[in-house]
Structure formats: structure tokens, C-alpha cells
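Student: Could you walk me through one part of this model up close? I'd like the sheet, and then whatever you can tell me about the ligand's surroundings.

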Amino acid sequence: MRLVSTRAGAEPARFSEAILRGLAPDGGLYVPERFPRVSAATLAALRTRLDRFDAFAALLLRPFFARDPLADDLQAICSEAFDFPVTLAAVSGSPTAVLELYHGPTAAFKDVGARFLAGCLDRTGSATPDTAPRTVLVATSGDTGAAVAAAFHGRPHLEVGVLFPSGGVSLRQERQLTCWDGNVRSFAVRGAFDDCQRMVKAAFAHPPRSGDEPGSATAARLTTANSINIGRLLPQVVYYAWSALVYQERTGEAPGVVVPSGNVGNAVAALWARQLGFPVRHVVLATNANRVVPDWFDTGEWRPRPSVRTLANAMDVGDPSNMERVFALYAGRDDLRDHASAASVDDPSIRDAIVRAEERWGRVLCPHTATAAHVRERLGSPHWIVVATAHPSKFPEVVEPLIGRVVPVPPRLRALLDRPTRVREIDAGADVLAELAGERA
Ligand SMILES: *Cc1c(COP(=O)(O)O)cnc(C)c1O
């Protein structure tokens, strides 16, 4: 299957080309050229694999890898990436289910996409004759950087630079960003998240020139692991397809999904699963007080604005870039409204939802998941999946005072928090690639 740009000004690309570029040459985002509806035969075959997530994933993703150099590696990539459970938990006394996506190494759903992308890029890198490592840059305000660092650590063909705002992340987040050695280097930028993002963009605008390599190949040595990279989004389709089929098998009903949303990548994956013909009835985007998406649903006007800080900080996005993929899939707002809706949740409601989930469901939620739980309570139809994007122990400052006890840290996350840290402070505006070269020397 070929991938095309949302701006329709670029040549179609294969999956392995698209993940190397990150962004399409015309500045758009890569999306599948078509969404072939899953056949009855494939659905039947997928239903026999519901207890083997990696095999389920490889079968579902196969059409997207047709004629791609990575096609033969797809099963291996899936087995390696999905080495942790994805579970659909029942909630006692309610038909609502909770899709737990936080059993990976950094206890957030971003492990799914980051690990899949790392496995793909690693194999793409080793396939080229020239063995200089590829450089992957990521600007982060929290979960993305940790998931990417964990997924790429120890892969000799890939070198990673993680940039985060110095003093702008929680203590526990900072430990996950700085506990790396070898091919992963962390930079605490004296500035804000926006400065980090600007520095990554500057590196792309002025890629390093190395002797006789033609410009495009040189530029291709640099890529991004932010969610504009389709290599992170595509594997996320898998857990929506999987959970909808599991839910349907349990109850006979097609579930809607409520997705805690920031940059809207995760919600796009849900819409794509629906588009492929999986039984996802409806997609609800739950945002925090950054309400540009719900406002668009209400007014039809797209008005990006500076982000505001909330308790669900991984969703503090004022100009969600993946909406471009939503606009590419649907002709207009009315068209999309049949399949999706959005609601904003303020901080007091996030706190309420955490307390209520503990009382009524016996579950401790992270602040992001709490936005979805809060929205779910306002919806009709009993058949909903609440998507749990992170483990509550990642946000003890918010969660523990509300429930009045300590949330135990899962062993894989604990292992990261106990590692020694290494980080360099750099100025906002510094040349990241020069800093990386300096660390290497
Ligand atoms: C990144 C993140 C989100 C938002 O996901 P998007 O794909 O950017 O919408 C939600 N919850 C958590 C815990 C996250 O880390």
C-alpha cells in the first residue's frame, strides 16, 4: 500500500520511505492512500488471534507493508514491539471496559508506537550500505521522550537526541528522560517546550552535509519520532481493532471509544480502525482545558491557540498537528460528526473523575485517562471503551493526594527510575546536531 501526503503535493511513498522522512516533502503528513475494508475471511482469521496480540498485529498490518522492503520483517517487528500485554479490563457493575495501554517499559501508550517505529527504523538503517547511524530527534514535554528513548536505546544503527525543557517536567518524568547511556543522549534545554520544538525544526531545516552524499540522502539520515511519523500511528490502529473485536465477542455489541487526546494521533488511529471496517461504533475525543478540537466541533472554525497548562500535561496542545489527518479523511465537519465527537474537561473535573473512578470502579486512573472517564459518564449508550493512556504511578503528585495512598510503581518503570542519570544542559537556540556531535567525540 502506498502512503500519500495530506497536502497532495508529494509523490506517494512506501511505508519504509515515509518513516525515514517523518514529514512528507510538501510539508504534509503521510496517510494511507486508501482504507481497504477488512474482508470477512481476514476478520475470521483475526478473530482466531485475539489471544496473540503480536500475531494479530502482523496480520492486520500486512496490507500496509505490501511490496515494502520491511514486509518480511513484519512479524518479527511486531513480536519485538509488543512484548508486553495490552488488556481490555472489565469494570464491575458496568458494561464500560478499560483499554489498558500502559504495561510497556515507560508505562504509557506511547511505548506501542515508539517500539514499533524503532524496530522498523533499525531494520531500514541496517539495510543501507552506509553504516553511519541515523539520527532521531525528539522534542518532548514528558511521555514521548521517555518512550522513544526506551524503545531506541541499545540500537547501534540509531542515535537519539531527546530535548526537554529544563525544570519543565516532573521529577519522575525527568528521571525517565535522563536514565540513558550509549546511543541515547538527553538535553535539558534552558527554555520552554516550544524552544525544544524550534531547535528540532532548525536541525531539519539545516541538515548536516557530509561530503559526497546527495542532499536528499543526507537529509534522510535525520528523522523524527514525534507522532507526525506514521510509523508510530499505524501500530496504534491495532489495539483499537483488537479491543473492538474482543468487546464484541464478550457482549455482542460494537463499542464506542473515548480517547484522551492532545496531539490527536491516538484518536486518528481509532478513526482509521473504524474506516478499515472494525466494529468501532463512535470515537469521542476527550481533551483537557485545551479545547481547540471541541470548539471546532461546536463552531466549525479551526482556531489553534497557545496551550494552557493542565493536570493532564501530556495533552497540553493548542495546535494539534494530527487534525490535518482528520481533515484529510473527512470531507467536512458534518461528515465527521456521524462518527466522532469531542468534549473538554477542566482540572476540577479531572480530580473528580479520579476520585469517582476509585469509588465506583475500584480503579486508579492517571489524569489523562480521567478526562475520558469523565466524558464517558456524560454519554448515553452503555457500550464504551475508556482508553487508559498511562499508568497512574507516573503522576503521583496529582493522583496520590486525591486517593490518599501511594500508587505502586510497576516493576519495569521502577527499573528505569533506579538507573543512574546523565543529562546536559544547553541553551535554547543551541545547535542540537553540533551538541550531539560534541557528545560523541
Ligand atoms: C501523549 C499522551 C496523550 C495524548 O495523545 P495524542 O495522540 O497526542 O492525542 C494522552 N495521554 C497520555 C498519557 C499521553 O502521554
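Tutor: Sure, with one term first: two strands count as paired if DSSP finds at least two bridges between them. Keep in mind too that this is a predicted model. With that in hand, the sheet is an open one of six strands with mixed pairing, and its order reads E3-E4-E12-E9-E10-E11. At the edges sit strand E3 (87–91) and strand E11 (340–344), each pairing on one side only. Going from one strand to the next, the twist averages 25°. Zoom in on one pair: strand E9 (residues 256–260) and strand E10 (residues 283–287) run in the parallel sense, joined over four bridges. Val259, for instance, has Leu285 in E10 as its bridge partner. Packed on the sheet is helix H10 (residues 230–251), which touches E3, strand E4 (94–100), E9 and strand E12 (384–388). The direction of H10 makes about 40° with that of E3.

Now for the ligand. It is surrounded by 15 residues, and the closest are Lys110, Asp143, Gly262, Asn263 and Val264. By type, that shell divides into six nonpolar, seven polar and two charged residues. Some of the polar contacts go to the backbone: one ligand oxygen atom is 2.8 Å from a polar backbone atom of Val264, and a ligand oxygen atom is 2.9 Å from a polar backbone atom of Asn266. A side chain takes part as well, since a nitrogen atom of the ligand is 2.9 Å from an N or O atom in the side chain of Thr389. As for cover, the ligand taken alone exposes 390 Å², and the protein buries 96% of that.

Notes:
Residues numbered from 1 in each chain as written. Predicted model: local features only at pLDDT ≥ 70, side-chain atom pairs only at ≥ 80, totals over all residues. Heavy atoms only, no water. Near = heavy atom within 4 Å. Polar contact = N/O pair within 3.5 Å; in protein donor to acceptor, adjacent residues only side chain to side chain. Areas by Shrake-Rupley, 256 points an atom, 1.4 Å probe, with all protein chains shown as cover. Nonpolar A, V, L, I, M, F, W, Y, C, P; charged D, E, K, R; others polar. Helix = DSSP H or I, 4+ residues; strand = E, 2+ residues; numbered from the N terminus. Axes fitted to C-alpha atoms, helices over the stretch in contact; angles between N-to-C directions. Contact = heavy atoms within 4.5 Å.
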